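Hi everyone, thanks for coming. I'd like to walk you through a structure that's probably new to most of you, so let's get it up on the screen.

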Amino acid sequence: MAEAVDLPRNEDGIAAALGVLKQQFGEAFHTGQSMREQHGHTTTWLPTQAPDAVVFATSTQDVSEIVNVCATHDVPVIAYGTGTSLEGHVNAPAGGVCIDMTGMNTILTVHDQDLDCVVQPGVTREQLNLYLRDKGLFFPIDPGANASLGGMASTRASGTNAVRYGTMKDNVLALEVVLPSGEVIRTASRAKKSSAGYDLTRLMIGAEGTLGIITEITLKLQGIPEAMSSARCSFETVDAACEAVMATIQYGIPVARIELLDAVSVKAANAYSKLSLPETPLLLLEFHGSETGVAEQAELFGHIAEEVGGSGFEWTARAEDRAKLWQARHDMYWASLQLRPGTKGVSTDVCVPISRLAECVCAATQKAAELNLLAPIVGHVGDGNFHAMPLVDMDDAGEVERASRFVSWLNDLAISMGGTCTGEHGIGQGKKPYLRKELGGAVDVMAAVKAAIDPQGIMNPGKIM
């Protein structure tokens, strides 16, 4: 695993920029230790690297002014949404200024007939979907955490619905971005397709704040389906569960979600969410469509599961039952931590071609056992993406070393299978050692783009490259 290495600081520039920003932003400017540490927080194992100041922005103009001051004094700038990222994205290894975007949380426009909306980056996915509910619309990207949409765009997030609706890159039409100079640009229009020039929208999506700061997002929306059904099925082995996943995808069943929990994860879910599921590998599924369509899809999956030895297959269209199952899935991070209280969850994700999924998941389970690690596995397996989370006593140097070895091994394995070291967490600080292994000389092209857009290197330094 990579480390959160401190980078050289521009002490004089930081002091000058903080003086100017304090005058300009008054009570929205903070340098208290607890506030700074909160904004350098990372959800998993990387240590906190706090910024020198936090400024709460409420408009694009605020962000532009903050960036302009930082550019003038050669000071790093880091954007902060809700702090749910997993690879040290919001750390400040060279110090600098954190821009808190939570005050930019207005849903600006909803175009019902065009199935799109325009929001500020601090709007969360749950906030947006609550607002859209009465309009018969929803935004499908669901990473589990109630993340901000700006952060989701910056890390190219996906989640449980990605197998049907795609990831953030498939659901963002346009962005407003503040560049490292403080200049504000728009990357595209609201048109559903365009051949006009470079695709700057997708350049910014997944750039993790290293090329600019997103201040407005135009999103695609979906109509709320007429009906939804959820299903669950247990399997004797992870291999059998993955066989069912592959067959479901290959047969073209339009599944909206298909999630894997290994036996350890099911045990955690039972204890945390008060369920009574068989403690063997489990698949959770959801189908969207008409009432007859979702029933047919669930029954088709039931036949597939039966052919590979699935048991306890049940499906339901009752909203309460569906909500209980999916809440348990979304609570898996916290449920897993209860398996070893006092430990840290070293959450890592990889993604492989669907044909290699069973092999990769089974190998990960075996490797964790060899290293004497308790590592629950869950995954958005419909697109080959899964998460392993070793539960580590951070005061035990030997255990930390074994966990580090496991994460490195798993990333290398996924890459060797034609997959990626991260399906949705992003690179940040934690995945940097694997990016060149995966993409080779393409990383040099990324570095050239970064140097051209951000020649001072002030945008979220120490991340990706």
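**A walk from the loops to the core**

Let's start at asparagine 372, which counts as exposed, because its relative accessibility is 62% and the exposed class begins over 50%. Before I go on, please keep in mind that this is a predicted model.

So where does asparagine 372 sit? You'll find asparagine 372 in the loop between helix H14, residues 357–370, and strand S18, residues 377–380. Its backbone is worth a look too: asparagine 372 isn't a glycine, yet its phi is positive, at about 55°. For background, most residues other than glycine have a negative phi.

Arginine 156 is another case, with a positive phi near 55° in a residue other than glycine. Arginine 156 belongs to the loop between H5 and H6. Buried or exposed, or somewhere in between? Arginine 156 is partly exposed, with a relative accessible area of 38%.

Stay in that part of the chain for a moment, and look at asparagine 161. It's in the loop between helix H5 (149–154) and helix H6 (162–165). Asparagine 161 is buried, at 4% relative accessible area. What does its side chain reach? A polar atom of the asparagine 161 side chain lies 2.8 Å from the backbone oxygen of proline 140. Leaving out residues up to four places away in sequence, asparagine 161 touches Pro140, Asp142, Gly166, Ala256, Arg257 and His288.

Arg257 in that list leads us on to a ring. The charged end of arginine 257 sits over the ring of tryptophan 326, 4.5 Å from the ring's centre.

Now, on to rings that pair with each other. How many aromatic pairs are there? The count comes to 4. Let me show you one of them, phenylalanine 301 with phenylalanine 313: the ring centres are 5.9 Å apart and the planes meet at 50°, so this pair is tilted. The tilted class covers angles that are neither under 30 degrees nor over 60. This pair links distant parts of the chain, with phenylalanine 301 in helix H11 (residues 291–307) and phenylalanine 313 in strand S15 (residues 311–316), 12 residues apart. Phenylalanine 301 is buried, with a relative accessible area of 0%, whereas phenylalanine 313 is partly exposed at 28%.

Phenylalanine 301 also takes us into the core. The largest nonpolar core has 58 residues, and Phe301 is among those with the most contacts inside it, along with Phe235, Leu283, Phe287, Phe386 and Phe406. Which helix gives the largest share? That's helix H9, residues 238–250, with 8 residues of this core. There's also a second, separate core of 29 residues, including Leu137, Ile141, Ala157 and Val172. As a general point, nonpolar side chains in soluble globular proteins tend to be buried together.

If you'd like to zoom in on one core residue, try phenylalanine 235. Not counting residues up to four places away in sequence, its contacts include Ala240, Ala244, Leu283, Phe301 and Val308.

Next stop is a charged residue, glutamate 399. It lies in helix H15, residues 397–416, and it's buried, with a relative accessible area of 7%. What is its side chain joined to? The side chains of glutamate 399 and arginine 340 are joined by a polar contact of 2.6 Å. Setting aside neighbours within four places in sequence, glutamate 399 is in contact with Arg340, Leu373, Leu391, Val392 and Asp393.

Last stop, the cysteines and a proline. How many disulfides does a search of the whole structure find? The search finds 0. Take cysteine 98: the closest cysteine sulfur, in cysteine 70, is 11 Å from its own, and that's too far for a bond because a disulfide needs the sulfurs within 2.5 Å. Cysteine 98 is buried, at 1% relative accessible area, and cysteine 117 counts as buried too, at 0%.

Cys98 touches proline 51, which also contacts Arg36, His39, Gly40, Ala92 and Gly96, leaving out residues up to four places away in sequence. Proline 51 is in the loop between helix H2 (33–39) and strand S2 (53–56). Although it's in a loop, proline 51 is buried, with a relative accessible area of 1%.

That's the tour, thanks for listening.

Conventions. Residues numbered from 1 in each chain as written. Predicted model: local features only at pLDDT ≥ 70, side-chain atom pairs only at ≥ 80, totals over all residues. Heavy atoms only, no water. Phe/Tyr/Trp six-rings, centres within 6.5 Å; stacked < 30°, edge-to-face > 60°. Helix = DSSP H or I, 4+ residues; strand = E, 2+ residues; numbered from the N terminus. Buried < 20%, exposed > 50% of the residue type's maximum accessible area, 1.4 Å probe, protein only. Lys NZ or Arg CZ within 6 Å of the ring centre and 35° of its normal. Core = buried A, V, L, I, M, F, W, Y, C linked by side-chain atoms within 4.5 Å. Contact = heavy atoms within 4.5 Å. Polar contact = N/O pair within 3.5 Å; in protein donor to acceptor, adjacent residues only side chain to side chain.
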